[in-house]
Every structure is written in C-alpha cells, then in structure tokens.
Amino acid sequence: MDNFAEYLVKKWPDSQDRMKRAGIIVAIVLLSAVSVWLSLVINLFILFITVAIIYGGYYLLTGLRVEYEYAVTNDELDVDKIIDQRKRVHLITVNIAAFEVFGSYDDDVADKPDATLVLCSDNTGEGAYYADLTTEEYGETRLVFTPNKKMIEAIHAALSPQLRLQLDKDVREA
C-alpha cells in the first residue's frame with residue numbers, strides 16, 4: 001500500500017518581512033512622487049514610468065507571501081516553496097529512512113553549526129519538527145518544518161525502526 005500525505009503551510013510574516021514591506025511602500029511613494037513631478041515638468045513619458053514603479057512595488061509586496069508544501073510519497077519527503085501562488089521553487093527531496101534524528105523542534109534541541117539549515121516552517125514555532133540527515137546536495141543537513149498530524153503519521157510509517165520507537169516515546173511523554 002502506498003504511503004501518501006500532503007500539507008500546505010502558510011509562512012507568517014516576521015519582523016524582517018514587515019521591514020521589507022515598509023521599505024517597498026516608502027520607495028513606491030517616493031519614486032512615484034518624483035516621477036509625477038517630473039512628468040509635469042518634462043513630459044508624459046515619465047507617467048508611464050510611474051505606473052511601472054507602482055506595478056513593480058505591487059509585484060515585490062505580493063512576493064512576500066510564502067507558503068510551503070510538504071508531500072510524503074512512500075518513503076520520500078518533498079518540500080516546495082510557493083511564492084504568492086505564482087511561483088513554485090523545489091527546496092529539497094529526502095528519503096525519510098535516511099533521517100538520523102527526527103523529533104519536535106524546541107529550545108532543548110542542540111544547534112548544529114556545520115549543518116545546512118533548510119527552514120520551511122510557518123514562523124510561529126508551534127508544532128515544529130526537525131530532521132537531521134546527510135544529503136548529496138547539501139551534505140550534513142537539518143530540515144525544520146511544521147507538519148500536521150497526517151504528515152507525522154506518514155513520516156512515522158517510513159522512519160527507521162529506532163527513530164519510530166524514539167518518536168513514539170516522545171509523543172507519550174508530551
């Protein structure tokens with residue numbers, strides 16, 4: 001029987017995203033004001049530049065809306081980043097059986113400064129899980145994500161026996 005689960009997580013804006021948004025809005029207002037003033041002084045062509053600036057700002061602002069899609073198919077986990085529902089970027093595909101460590105991601109988890117961090121969570125910090133593994137593409141890797149219960153069950157079915165036992169123990173203790 002095939003093991004399949006899929007989950008879409010919306011990334012909530014953090015302070016860095018809010019600062020980018022504010023900077024883009026200020027730049028749109030300033031550049032638009034300057035180009036409108038220039039269109040009155042020079043010619044109507046500058047007005048077209050103003051419209052292009054406003055559209056470019058809108059495009060940048062909507063590009064800050066990010067979602068992550070997790071898909072488990074049999075023993076593989078695929079993670080994609082979806083930007084404003086117009087662009088999909090494949091982040092990573094991993095074999096779940098290759099997980100060296102898997103569990104809840106909280107303050108007790110030790111940092112791995114040598115590992116490549118693949119962060120694809122909703123920025124709330126609630127319900128986050130992590131997996132440590134070695135991949136050909138990134139080398140030593142730590143994947144941080146926020147799966148739902150169905151995703152956890154699908155991952156559980158594909159984990160190695162010792163990680164499955166550790167996850168069951170962690171769930172009982174929680």
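Partly exposed means a relative accessible area that falls between buried (under 20%) and exposed (over 50%). Arg86, at 36%, therefore counts as partly exposed. Everything in these views comes from a predicted model.

**View 1. Arg86 and its salt-bridge partners.** Here Arg86 pairs up with Asp84, their side chains meeting in a salt bridge at 3.0 Å from N to O. The pair doesn't stand alone: Arg65 joins Asp84 and Arg86 in a network of salt bridges. In the structure as a whole there are six salt bridges.

**View 2. Asp80 with Arg88.** This is another salt bridge between side chains, again listed at 3.0 Å, N to O. What about the cover on each partner? Asp80 has a relative accessible area of 12%, so it is buried. Arg88 sits at 49%, so it is partly exposed, given that exposed only starts over 50%.

**View 3. Lys11 with Asp17.** Zoom in on this salt bridge and you'll find the closest N and O atoms 2.6 Å apart. Asp17 is buried, because its relative accessible area is just 7%. Lys11 is buried as well, with a value of 16%.

**View 4. Inside the largest nonpolar core.** The core has 29 residues, and the ones touching the most other members are Tyr70, Leu77, Phe99, Phe102 and Phe145. Helix α3, residues 149-158, chips in the most, with five residues. Take Phe145 for a closer look: leaving aside residues up to four places away in sequence, its contacts include Tyr70, Leu77 and Phe102. Cys120, Ser121, Gly127, Ala128, Tyr129 and Ile155 are also among the residues that Phe145 touches. As a rule, nonpolar side chains in soluble globular proteins tend to be buried together.

**View 5. A nonpolar patch out on the surface.** Val36, Trp37, Leu40, Val41, Ile42, Leu44 and Leu47 make up this patch, which together has about 740 Å² of accessible area. Helix α1 (residues 15-41) gives the most to the patch, four residues in all. Leu44 belongs to the loop between α1 and α2 (45-62). With 56% relative accessibility, Leu44 counts as exposed, because the cut-off for that is over 50%.

**View 6. Where the predictor is more and less sure.** Of the elements in the protein chain, strand β3 (residues 76-83) has the highest mean pLDDT, 90, and helix α4 (residues 161-173) the lowest, 73. Across the chain the average is 82, and 94% of the residues score at least 70. Where pLDDT is low, the predicted coordinates shouldn't be read in detail.

Notes. Residues numbered from 1 in each chain as written. Predicted model: local features only at pLDDT ≥ 70, side-chain atom pairs only at ≥ 80, totals over all residues. Heavy atoms only, no water. Core = buried A, V, L, I, M, F, W, Y, C linked by side-chain atoms within 4.5 Å. Buried < 20%, exposed > 50% of the residue type's maximum accessible area, 1.4 Å probe, protein only. Helix = DSSP H or I, 4+ residues; strand = E, 2+ residues; numbered from the N terminus. Contact = heavy atoms within 4.5 Å. Patch = residues over 30% accessible without salt bridge, like charges linked within 9 Å, V, L, I, M, F, W, Y side chains within 5 Å. Areas by Shrake-Rupley, 256 points an atom, 1.4 Å probe, with all protein chains shown as cover. Salt bridge = Lys/Arg side-chain N within 4 Å of Asp/Glu carboxyl O. pLDDT = per-residue confidence, 0-100.
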